[in-house]
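Q: Could you show me how to read the features of a structure one at a time, with the general idea first and the case at hand second?

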Amino acid sequence: TDAYKEFAQKTANVSPQQMRSTADGLMDIFAQLGHHRHLSPDDSQVQALIGHLQGYITEHYYTCTKQILKGLGQMYIAGDEMTANIDTAGGEGTARFAHLAIEEYCK
């Protein structure tokens with residue numbers, strides 16, 4: 001896909017340390033989302049974090065359209081390692097909360 005080609009291009013000359021740092025930055029966004037779980041998914045602060053998430057993915061990985069972001073939101077609640085990692089970063093339920101906030105953002 002075009003997104004995969006872009007990902008390959010953006011990460012071709014990135015060291016393993018840089019990749020880890022970028023991944024840590026992504027998990028930091030989920031940690032911030034976790035701190036906002038008490039709010040509604042459509043709260044402006046939460047929506048700003050989802051916009052930041054989309055921008056971060058675009059900057060470091062590939063152009064994250066709303067369609068791609070919505071697909072990622074589905075992956076976040078698949079119950080696999082991705083769900084566990086997000087919940088570890090932000091607290092239990094963060095992956096589900098991120099999914100709901102992404103759904104709202106992509107309306």
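Q: Leaving aside its neighbours within four places in sequence, which residues is Thr22 in contact with?

A: Apart from its neighbours within four places in sequence, Thr22 is in contact with Tyr56, His60 and Tyr61. Thr22 itself lies in helix α2, and with a relative accessible area of 12% it is buried, because buried means under 20% relative accessible area.

Q: How should I judge the confidence, and which element has the lowest mean pLDDT?

A: This is a predicted model, so pLDDT, the predictor's confidence in each residue, is the value to read. The protein chain averages a pLDDT of 94, and 100% of the residues score at least 70. Among the elements of the chain, helix α1, covering residues 2-11, has the lowest mean pLDDT at 77, whereas α6 has the highest at 98.

Q: What does the largest nonpolar core consist of, and which residues have the most contacts inside it?

A: In soluble globular proteins, nonpolar side chains tend to be buried together. Here the largest nonpolar core has 23 residues, and those with the most contacts inside it are Phe30, Leu33, Leu53, Ile57 and Tyr76. Two or more residues of this core come from each of α2 (16-35), α3 (44-60), α4 (66-76) and α6 (94-105), with α3 giving the most, namely six residues.

Q: Which residues does Tyr76 contact, leaving aside its neighbours within four places in sequence?

A: With those neighbours left aside, Tyr76 is in contact with Phe30, Leu53, Ile57, Met82, Thr83, Ile86, Ala95, Ala98 and Ile102.

Q: Is Leu69 buried or exposed, and which residues does Leu69 touch beyond four places in sequence?

A: Leu69 lies in helix α4 and, at 0% relative accessibility, counts as buried. Not counting residues up to four places away in sequence, Leu69 touches Ile50, Leu53, Gln54, Cys64, Ile102, Tyr105 and Cys106. Separation along the chain can also be set beside separation in space: Leu69 and Gly79 are ten residues apart in sequence and 18 Å apart, C-alpha to C-alpha.

Q: What about a polar residue such as Gln47: is Gln47 buried or exposed?

A: Gln47, whose place is in helix α3, counts as buried at 16% relative accessibility. Not counting residues up to four places away in sequence, Gln47 touches Pro41, Asp42, Ala101, Glu104 and Tyr105.

Q: How many disulfides does a search of the whole structure find, and why is Cys64 not bonded to Cys106?

A: A disulfide is a covalent bond between the sulfur atoms of two cysteines. A search of the whole structure finds zero disulfides. The cysteine sulfur closest to that of Cys64 is in Cys106, and because the two are 7.9 Å apart, they are too far for a bond; the cut-off applied is 2.5 Å. Both residues are nevertheless buried, Cys64 at 4% relative accessibility and Cys106 with a relative accessible area of 16%.

Q: How is empty space found, and how much space lies in the largest pocket?

A: Rolling a probe the size of a water molecule over the atoms shows where empty space is left. In this model, about 350 Å³ of space lies in the largest pocket. Of the 15 residues that line the largest pocket, the closest to its centre are Leu26, Met27, Phe30, Tyr61 and Met82.

Q: Which elements give two or more residues to the lining of the largest pocket?

A: Those elements are α2, α4 and α5 (81-90), and α2 gives the most to the lining, with five residues.

Technical notes. Residues are numbered from 1 along each chain as its sequence is written. This is a predicted model: local features need pLDDT of at least 70, side-chain atom pairs count only at pLDDT 80 or more; totals for chains, interfaces and linings use all residues. Side-chain values use heavy atoms; hydrogens and water are left out. A nonpolar core is a set of buried Ala, Val, Leu, Ile, Met, Phe, Trp, Tyr and Cys residues joined through side-chain atoms within 4.5 Å. Buried means under 20% relative accessible area, exposed over 50%, partly exposed in between (1.4 Å probe, protein chains only). Helices (H or I, at least four residues) and strands (E, at least two) are DSSP runs, numbered from the N terminus. Contact means heavy atoms within 4.5 Å. pLDDT is the predictor's confidence in each residue, from 0 to 100. On a 1 Å grid over the protein atoms alone, a cavity is a set of points where a 1.4 Å probe fits but cannot get out, and a pocket is an open set with protein on both sides within 12 Å along at least five of seven lines; lining residues have an atom within 4 Å of a point. Grid points are joined across faces, edges and corners, and a volume is the space filled by probe spheres set on the points.
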